[in-house]
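Q: I have a model open and want to go through it with you. Can we start with how you sort residues by accessibility?

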Amino acid sequence: MEEFANLPTTPVSDGMDGKNHMDIGIKPLSDNWHMYGRAFTVDAPAGENISVLEGMYNAKPGDVLVVDGKRWTANALAGDFVIGLAKTLGLHGVVIDGVIRDVEDIRELDFPVFTRGTTTAASKKTKEGNINVPVTVGGVEVNPGDIVVGDVDGVVIVPADQASEVAQKAKARIEKDEKREADYGGSKEKAREYIENFLRNNKK
């Protein structure tokens with residue numbers, strides 16, 4: 001899993017043939033954050049955070065808590081105190097298909113949180129959900145143990161049994177992109193040459 005520590009989401013997505021990325025509504029609260037880790041999943045009733053806390057308690061250091069919050073936006077599933085607990089417990093990040101609150105204080109924690117947005121209203125604490133079960137978050141199926149990678153471009157889920165293959169493809173894509181930049185970047189003539197070659201080979 002450590003091979004994903006420095007991989008951006010875009011080559012990881014390319015390694016998945018553009019699949020398994022969460023929808024564009026789920027974004028980090030800070031553009032500078034990069035997140036990776038194994039998914040510990042939470043299926044939470046809309047606006048309820050009992051299971052969010054249960055998930056944090058049972059997750060292992062290095063895990064990313066991935067919460068199916070049913071896209072509920074009327075109540076926050078976490079605030080700065082709860083997110084602070086996740087950081088203290090050694091998690092690598094939190095992904096919530098819902099909203100949070102106390103956004104400025106969470107940014108000061110410098111702990112990756114990916115969510116649909118923020119609200120002022122606190123969570124409810126009347127219903128329990130389930131933890132460590134398959135969930136759908138941001139339109140993507142997430143199973144416990146899948147690899148989660150997130151940055152300013154979004155969140156990608158890599159099935160656990162494809163992790164090594166995808167990481168190798170992502171690294172190969174980075175090398176290919178770096179070579180292309182070295183060959184064609186910084187020169188008008190080279191830029192035109194690249195575009196001409198591309199159009200010749202792809203335009204019908």
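A: Buried means under 20% relative accessible area, exposed means over 50%, and partly exposed is in between. Asp102, at 30% relative accessibility, therefore counts as partly exposed. Keep in mind that this is a predicted model.

Q: OK. Where is Asp102 found?

A: Asp102 sits in the loop between β4 and α4.

Q: And what is Asp102 in contact with, leaving aside neighbours within four places in sequence?

A: Gly79 and Asp80.

Q: For what feature does UniProt list Asp102?

A: The UniProt record, an unreviewed entry, lists Asp102 under "binding site".

Q: Which other residues does UniProt list for "binding site"?

A: Gly79, Asp80, Phe81, Val82 and Arg101, again from an unreviewed entry. These residues span 23 residues in sequence, yet no two of their C-alpha atoms are more than 10.3 Å apart, so they gather at one spot.

Q: Take Arg101. Where is Arg101 found?

A: In the loop between β4, residues 93-99, and α4, residues 103-109.

Q: How accessible is Arg101?

A: Its relative accessibility is 29%, so Arg101 counts as partly exposed.

Q: What is Arg101 in contact with beyond its sequence neighbours?

A: With neighbours within four places left out, Arg101 is in contact with Ala76, Ala78, Gly79 and Asp80 on the one hand. The list also includes Ile106, Thr119, Thr120, Ala121 and Ala122. Gly79 and Asp80 are named in the UniProt "binding site" list as well.

Q: Now Val82. Which helix does Val82 lie in?

A: Helix α3, which covers residues 80-88.

Q: Is Val82 buried or exposed?

A: Buried, because its relative accessible area is 10% and the cut-off for buried is under 20%.

Q: What does Val82 contact?

A: Outside its neighbours within four places in sequence, Val82 is in contact with Asn49, Leu53 and Met56.

Q: Changing topic. How many helices and strands does the chain have?

A: There are 6 helices and 10 strands.

Q: And what box do the C-alpha atoms fill?

A: Roughly 65 × 35 × 35 Å, taken along the principal axes.

Q: What share of the chain is buried?

A: Of the 204 residues in the chain, 43% are buried. The accessible surface comes to about 10800 Å², and 49% of that surface belongs to carbon and sulfur atoms.

Q: How many charged side chains, positive and negative?

A: The chain carries 25 positive and 33 negative side chains. The centres of the two sets lie 6 Å apart.

Q: What about contacts over long stretches of sequence?

A: Taking contacts between residues at least 6 apart in sequence, 74% join residues at least 24 apart.

Q: Let's do strands. How many residues of β10 are buried?

A: In β10, residues 154-158, 5 of the 5 residues are buried, so the strand is largely enclosed by the rest of the structure.

Q: Which way do the residues of β10 point?

A: Gly154, Val156 and Val158 point one way, and Val155 and Ile157 point the other way. In a regular strand the side chains alternate between the two faces of the sheet.

Q: Which strand do 5 bridges join to β10?

A: Strand β9, residues 147-151, and the two run antiparallel. A hairpin joins β9 to β10 through 2 residues. As for individual bridges, Val148 is partnered with Ile157 in β10, and Ile147 has Val158 as its partner there.

Q: Are the faces of β9 covered or open?

A: Both faces are covered. Ile147, Val149 and Asp151 are buried on one side, and Val148 and Gly150 are buried on the other.

Q: In what sense do β2 and β9 pair?

A: Strand β2, residues 35-43, pairs with β9 in the antiparallel sense over 4 bridges. The bridge partner of Tyr36 in β9 is Val149.

Q: Last one, Thr136. Which strand is the place of Thr136?

A: β7, residues 135-137. At 43% relative accessibility Thr136 counts as partly exposed. Leaving aside neighbours within four places in sequence, Thr136 is in contact with Asp68, Asp97 and Glu141.

Q: How far is Thr136 from Pro159?

A: Their C-alpha atoms are separated by 13 Å, and the two residues are 23 residues apart along the chain.

Key. Residues are numbered from 1 along each chain as its sequence is written. This is a predicted model: local features need pLDDT of at least 70, side-chain atom pairs count only at pLDDT 80 or more; totals for chains, interfaces and linings use all residues. Side-chain values use heavy atoms; hydrogens and water are left out. UniProt positions are given in the numbering used here, feature names are shortened, and annotations may be inferred rather than shown by experiment. Buried means under 20% relative accessible area, exposed over 50%, partly exposed in between (1.4 Å probe, protein chains only). Contact means heavy atoms within 4.5 Å. Accessible areas come from the Shrake-Rupley method with a 1.4 Å probe; for residues, only the protein chains shown count as cover. Lys and Arg count as positive and Asp and Glu as negative; His and the chain ends are not counted. The place of a charge is taken as NZ of Lys, CZ of Arg, CG of Asp or CD of Glu. Two strands pair if DSSP finds at least two bridges between them.
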